[in-house]
Amino acid sequence: MSKQKYGYLVDSHCHLNYGGLSERLEEVLANAKEAGIGCLMAINTKIKEYPEIIHLVESHDHIFGTVGIHPHQAEEEPDIKLETLLELSKHPKIVGIGETGLDYFYDNAPREMQQDNFRTHIRASQQTGLPIIIHTRDADADCISILQEESKAGGAVPGLIHCFTATQSLADAALDLGMSISISGIVTFKNAGELREVVKTIPLDRLLVETDAPFLAPIPHRGKKCEPAFAADTAKFLADLKGIDYQDFMEITSSNYFTLFRKVKAPASWTEATG
């Protein structure tokens with residue numbers, strides 16, 4: 001049986017509808033193509049912005065999207081129903097649930113609302129089988145507890161911790177639950193030594209790459225508006241950190257993306273069948 005070979009990198013998390021990217025989208029996409037980024041994930045953070053995500057994914061073959069409410073918006077959109085997430089996730093190019101989770105650093109929404117919002121998204125992930133994209137900051141204990149509780153009650157929760165910057169204990173707990181971990185440009189920052197040590201422990205088959213554009217531009221782009229093209233800089237840094245060839249790292253992380261986000265159908269022009 002032939003094995004698909006991915007000759008490009010995936011940016012598994014970016015906000016293409018945000019200012020700094022949306023008004024120059026074609027330039028951003030051209031830059032990404034030149035940098036070898038062949039697939040992008042447009043992340044939804046507010047249900048009211050869901051139509052913007054749909055426009056992006058329907059206009060570009062290589063962009064896929066998610067549906068969800070960021071913990072910052074848990075109070076702004078407090079009445080999200082499980083049925084709403086289930087219905088909106090039926091679109092053929094909506095391939096994940098989120099981003100959702102807990103953020104106790106900014107506390108832009110009451111923690112109880114964040115937790116309720118998070119649980120609703122977890123249940124949508126369980127019922128659809130679509131991976132959940134989790135944002136967590138200064139909330140490791142509650143994030144782990146909620147994931148464990150919901151997994152015990154409703155079954156496995158496919159998904160990943162995005163823009164991982166947390167502790168070894170959260171990484172270990174996520175891996176124990178069968179989840180993956182996505183790394184952003186933060187890993188390249190001078191003060192990210194502790195994060196780099198955690199990344200060294202993450203199995204290659206559970207690792208994804210992202211930009212979180214337009215935020216968190218990696219070195220050597222600090223001070224610039226982040227864009228998907230910069231995923232290549234983070235990936236090269238990670239390949240060196242893990243001690244493997246960049247091409248191999250690119251193949252592994254792209255394969256990890258498609259293994260996790262099974263609803264994504266990569267056009268034949270992106271792949272090469274090999275024996």
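**Entry 1: helix H6**

I looked up what covers the buried residues of H6, and the list includes E6, helix H5 (140–154), strand E7 (159–161), strand E8 (180–183) and helix H7 (193–199). I note here that the model is a predicted one. Which residues of helix H6 (residues 168–176) are buried? I found Leu-170, Ala-171, Ala-173, Ala-174 and Leu-175. After H6 I came to Gly-178, which has a positive phi, near 85°.

**Entry 2: the largest pocket**

I turned next to the largest pocket, which holds about 620 Å³ of space. I counted 25 residues in its lining. Which of them lie nearest the centre of the pocket? I wrote down Asp-103, Tyr-106, His-135, Arg-137 and Asp-212.

I then sorted the lining by type: 7 residues are nonpolar, 10 are polar and 8 are charged. Strand E5 (94–103) and strand E6 (132–137) each provide at least two lining residues. E6 contributes the most, with 3 residues. E6 had already come up in my first entry, as part of what covers the buried residues of H6.

**Entry 3: aromatic pairs**

I searched the whole structure for aromatic pairs and got 7. I took Tyr-8 and Phe-258 to start with: their ring centres are 6.5 Å apart and their planes stand at 90°, so I recorded the pair as edge-to-face, a label that needs an angle over 60 degrees. Where do the two residues lie? Tyr-8 is in the loop between strand E1 (3–6) and strand E2 (9–14), while Phe-258 is in helix H9 (residues 246–260), so this pair ties together parts that are 250 residues apart in sequence. I checked whether they are buried or exposed, and both Tyr-8 and Phe-258 are buried.

I then looked at Phe-105 and Tyr-106, whose ring centres are 4.8 Å apart with the planes at 90°, so this pair is edge-to-face. Phe-105 has 42% relative accessibility, so I entered it as partly exposed. Tyr-106 is partly exposed, at a relative accessible area of 47%. I also found a cluster in which ring pairs link Tyr-6, Tyr-8, Tyr-257, Phe-258 and Phe-261.

**Entry 4: charges over rings**

I went back to Phe-105 and found the charged end of Arg-137 over its ring, 3.7 Å from the ring centre. Arg-137 is one of the residues nearest the centre of the largest pocket. I also noted Lys-93, whose charged end sits over the ring of Phe-64 at 4.6 Å from the centre of that ring.

Conventions. Residues are numbered from 1 along each chain as its sequence is written. This is a predicted model: local features need pLDDT of at least 70, side-chain atom pairs count only at pLDDT 80 or more; totals for chains, interfaces and linings use all residues. Side-chain values use heavy atoms; hydrogens and water are left out. Rings of Phe, Tyr and Trp (its six-membered ring) pair if their centres lie within 6.5 Å; planes under 30 degrees apart count as stacked, over 60 as edge-to-face and the rest as tilted. Helices (H or I, at least four residues) and strands (E, at least two) are DSSP runs, numbered from the N terminus. Buried means under 20% relative accessible area, exposed over 50%, partly exposed in between (1.4 Å probe, protein chains only). A charge sits over a ring if NZ of Lys or CZ of Arg is within 6 Å of the ring centre and within 35 degrees of the ring normal. On a 1 Å grid over the protein atoms alone, a cavity is a set of points where a 1.4 Å probe fits but cannot get out, and a pocket is an open set with protein on both sides within 12 Å along at least five of seven lines; lining residues have an atom within 4 Å of a point. Grid points are joined across faces, edges and corners, and a volume is the space filled by probe spheres set on the points. Ala, Val, Leu, Ile, Met, Phe, Trp, Tyr, Cys and Pro count as nonpolar, Asp, Glu, Lys and Arg as charged, and the others, Gly among them, as polar. Contact means heavy atoms within 4.5 Å.
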